[in-house]
Structures are given as structure tokens and as C-alpha cells.
Amino acid sequence: MNIFRRLPLSRLLLLCGLIVALGISATALASALGTGPTPPPKPLADAIHDALAAPPVEGVSANIQLTDHLLEGANLTSGGDSAAGQLTSSPLVTGASGRMWIAKDGRVRLELQSEKGDTQVLYDGRTVSIYDAASNTLYRYTVPAHEDGSGPVTTTAPHEAPSVAKIEEAISRLDHVNVSGATPTDIAGQAAYTVHVSPKESGSLIGGGELSWDAANGVPLRAAIYSSTSSSPAIELAATSISYGPVAAPVFEFTPPSNAKVEEIVLPKKDGSSADSSTHSGEHPHVTTSGQGITSVAVVEAKTKEGANAKQSSPSTEEGLQKVKINGIEASELPTELGTLLSFERSGVRYLLAGAISPAAVEAVAKGL
């Protein structure tokens with residue numbers, strides 16, 4: 001303390017002023033970076049019940065941030081017109097900031113900003129449309145109609161939330177996962193609750209997931225999936241700012257460029273057939289599993305089609321993927337933060353393996369086929 005005794009009074013006062021100023025600045029910074037309004041502690045079942053029982057909002061307008069580390073370390077070939085190059089340039093894969101709108105009737109628009117052009121994701125209650133500006137391609141999937149001929153419907157009719165007792169009973173039946181309590185927090189300046197769910201079984205690349213919702217009206221504000229190899233989210237979609245109120249109808253109107261390529265997505269029917277008979281080979285894929293629980297591997301076996309066109313189609317879709325050897329046969333492999341995909345052909349049969357485990361573990365299953 002002798003140094004302070006030797007300082008002139010004027011300099012000592014200046015030093016004290018600086019210390020006070022730094023303290024005030026640090027306090028202000030801590031307040032800015034710290035938590036905002038947080039809700040009171042509440043049991044998880046009560047927090048879920050209150051969210052489900054809250055009156056629906058008139059609409060949502062939000063700035064969002066998509067974080068995506070799913071394909072980090074996958075060694076995909078980037079650039080060019082290959083499928084892998086287009087994949088690595090998409091903001092859905094690389095992550096991006098953007099905006100989201102949700103109407104009261106269920107219409108949704110998500111806009112992710114990119115240097116090569118924005119990616120648009122829209123849902124109108126019947127059709128999901130994804131426009132990728134980098135490839136100038138519109139992917140479109142129409143939700144199939146019900147057996148009575150009606151399609152999916154949206155409604156604003158009030159619904160009755162399940163009781164707290166029923167919610168507690170449902171949580172108690174979750175035997176294979178650990179469920180946290182409702183953690184008070186703030187997301188995008190809104191008081192929110194966060195719940196974390198993780199698998200009880202070890203050995204997989206799935207570390208868990210988190211969901212945060214607005215404590216006042218139950219609107220989801222953040223969703224994240226974690227890998228067991230990292231404490232940071234592999235995929236996270238979170239609001240950075242949000243407001244509630246009616247969203248103008250023109251917001252959900254989007255017209256792609258006239259020269260955009262349109263890809264209609266058709267999923268197999270319940271009987272395994274395709275809605276497009278022209279692409280149906282007459283042979284249904286055979287699906288089995290190897291292992292149990294979250295570490296199991298799905299194995300899809302399908303006879304390859306005859307003809308040169310079929311032989312040329314496979315390499316183009318797998319171009320850019322890393323190659324491994326399975327009992328001397330070259331296989332294409334896609335390792336991700338949450339699991340592994342592996343594909344190879346042998347004796348006229350195409351094998352596709354998928355599991356939430358490491359590449360080495362999936363390769364071991366493939367070698368045993």
C-alpha cells in the first residue's frame with residue numbers, strides 16, 4: 001500500500017475515478033451479456049402444461065440463427081456442380097442467419113441468407129417448398145391426402161391441454177432418456193424455460209437435445225441437438241429477436257425464377273411402392289437392423305436396376321464422399337457429428353447402412369454382411 005501513500009492527492013483521486021469508471025463499465029457489460037427476464041422456477045410438468053394451455057399468438061416474426069456443424073470433418077469435395085459441392089454451399093448445411101415468419105393458421109416461411117443467394121423454406125399447410133438459390137433449384141413435397149380425400153388442415157380452434165397429472169405420467173414413461181427439469185432462462189429477450197433430454201444408453205454419437213420455449217405463450221424459441229463428442233450443439237436453430245402479432249399474407253408468397261429447376265419429392269407409399277410407377281423397379285428394398293437401441297444400425301438392401309443409366313446414376317450422387325474399403329469393395333461414406341452413412345454395391349445388391357455411431361462401428365457391421 002506504500003505506493004498509494006506516495007501518490008499526490010490529484011493522481012490518487014484520478015486513479016480512484018478510473019477504478020470507479022471501470023467498475024461501472026464492467027457492471028453494465030455484465031448486465032448486457034447476462035440473463036434478461038427469466039420466469040420463476042416451476043416443475044417441468046407445470047411449465048409444459050402452461051405452455052400448451054396458453055392462448056395462441058396471432059403470428060410470429062423473428063430473426064433467427066442457424067448453427068450447423070453436422071458435416072464438419074466429413075471431407076466433402078466443395079465447389080463445382082457436384083452434389084457434394086452444392087451440399088456444402090447450402091446455408092442449411094453451413095449455417096446462416098435469417099428470418100422466420102409463422103402465421104396463426106400454420107403457414108411458415110424461413111429465409112436463410114447466403115452470399116450465393118438466400119435459401120427459402122415455405123409451408124402452406126399442404127406443400128413444403130425449399131428454394132436453393134446457389135443451384136437455382138426448387139424442391140417441392142406435397143403432403144399426401146388422407147384416405148377420405150382431404151388433405152392436411154390447419155385450424156385455430158381452441159384445444160384442451162392435458163392435465164399436469166397426465167404430463168407427469170407421460171414423463172415417467174420415458175425409460176430410455178434422462179429428462180431435466182424446466183430451467184428458467186431467457187431467449188431473444190423473452191423469459192423462457194429450457195429442458196434437456198439425453199439418452200441413458202451410451203455408445204452412440206447422440207449426446208442429447210434441448211428445447212426452449214416462451215414461458216408466457218409456449219412459442220418455441222430454440223432447439224438444439226448435441227453430439228456426444230462435443231459440448232457445443234451440432235445443430236441449433238434459435239431466435240435472436242422476436243415479436244408477436246399478425247403477419248401479412250404477402251410474406252408467405254414466393255415465386256422462384258422462371259428458369260429454376262423443379263424437383264418433385266415423392267416418398268414411398270405404405271406398401272413400399274413409389275407413387276411414380278415409371279421409377280419403380282418392381283423390387284421392394286429389404287430393411288433390417290443390426291444391434292439394439294440407440295446404437296443399432298439400419299441396413300437397407302435393394303437390387304440394382306438393369307441398364308447403363310442405372311449404373312451411371314449412383315456415382316454422381318456419391319461424388320465427393322470419402323471412400324473406404326469393405327472386404328475389398330469400395331464404399332462411399334458420410335461421417336457426421338451425429339452418425340454415419342455408408343453405401344456400397346456387391347453382387348447386384350446396393351447396401352445402405354445408417355447409424356448414430358462412429359464410422360468404424362458402421363464399417364464393422366458392413367464387413368459382417
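This is a short walk through one protein model, from its overall make-up to a few individual residues.

Okay, before anything else: this is a predicted model. So everything I say is read off that prediction.

Let me start with the whole thing. The protein has 369 residues, and 31% of them are buried. In terms of secondary structure, we have eight helices and 19 strands. The accessible surface is about 21500 Å², and carbon and sulfur atoms account for 57% of that. One more overall number: if you take contacts with a separation of 6 or more, 52% of them are between residues 24 or more positions apart.

Right, let's zoom in on a run of three strands, β4, β5 and β6. Strand β4 covers residues 119–123, and five bridges join it to β5, with the two running antiparallel. They make a hairpin with three residues between the strands, and in that turn G125 has a positive phi of about 100°. On to the next pair: β5 and β6, which is residues 137–142, are also antiparallel, over six bridges. That hairpin has four residues between its strands, and N136 has a positive phi near 50°.

Now pick a residue in β5. S129 sits in that strand, which spans 127–132. Is S129 buried or exposed? It's buried, because its relative accessibility is 14% and the cut-off for buried is under 20%. What does S129 touch, once you leave aside neighbours within four places in sequence? Its contacts are Q120, V121 and L122, plus L138, Y139 and R140. L122 is the residue standing opposite S129. And on the β6 side, V128 has Y141 as its bridge partner.

Next, helices. In α3, residues 44–53, the buried residues are L44, A45, A47 and A51. Looking down the axis of α3, those buried residues fall within an arc of 165°, so they line one face of the helix. What covers them? The cover includes α6, β7, β9 and β10.

Then there's α8, residues 359–367, where V362, E363, V365 and A366 are buried. Yes, there's a glutamate in that list, E363. Down the axis of α8 the arc is 160°, so here too the buried residues line one face. Which strands do the buried residues of α8 pack against? There are several: β14, β15, β16, β17, β18 and β19.

While we're at that end of the chain, look at N327, in the loop between β16 and β17. N327 has a positive phi of about 50°, although it isn't a glycine. The reason I point that out is that most residues other than glycine have a negative phi. A188 is another case: not a glycine, but with a positive phi of about 55°. You'll find A188 in the loop between β8, residues 183–187, and β9, residues 190–199.

A188 also takes us to A239, since A239 touches it. A239 is in strand β12, which runs from 233 to 244. With a relative accessible area of 12%, A239 counts as buried. Not counting residues up to four places away in sequence, A239 touches A62, N63, I64, I187, A188 and L221. How far apart are A239 and N63 in sequence and in space? They're 176 residues apart in sequence, and 5.8 Å apart C-alpha to C-alpha.

Back in β8, have a look at T185. T185 is buried as well, at 18% relative accessible area. Leaving out residues up to four places away, T185 touches P37, T38 and P39, and also Q190, A191, A192, Y193 and T194. T185 and D214 are 29 residues apart in sequence, with their C-alphas 9.6 Å apart.

Last stop, the surface. L174, V179 and V197 make a nonpolar patch of about 190 Å². L174 is in the loop between α6, residues 164–172, and β7, residues 177–179. Is L174 buried, exposed or partly exposed? Partly exposed, because its relative accessibility is 40%.

That's my tour. If you only click on a few things in the viewer, I'd go for S129 in β5, A239 in β12 and the patch with L174. Happy to pull any of those up on screen.

Terms used
Residues are numbered from 1 along each chain as its sequence is written. This is a predicted model: local features need pLDDT of at least 70, side-chain atom pairs count only at pLDDT 80 or more; totals for chains, interfaces and linings use all residues. Side-chain values use heavy atoms; hydrogens and water are left out. Buried means under 20% relative accessible area, exposed over 50%, partly exposed in between (1.4 Å probe, protein chains only). Contact means heavy atoms within 4.5 Å. The arc is that of the directions from the helix axis to the C-beta atoms. Patches are made of residues with over 30% relative accessible area and no salt bridge: like charges are joined within 9 Å, nonpolar side chains (Val, Leu, Ile, Met, Phe, Trp, Tyr) within 5 Å. Accessible areas come from the Shrake-Rupley method with a 1.4 Å probe; for residues, only the protein chains shown count as cover. A salt bridge is a side-chain nitrogen of Lys or Arg within 4 Å of a carboxyl oxygen of Asp or Glu. Two strands pair if DSSP finds at least two bridges between them.
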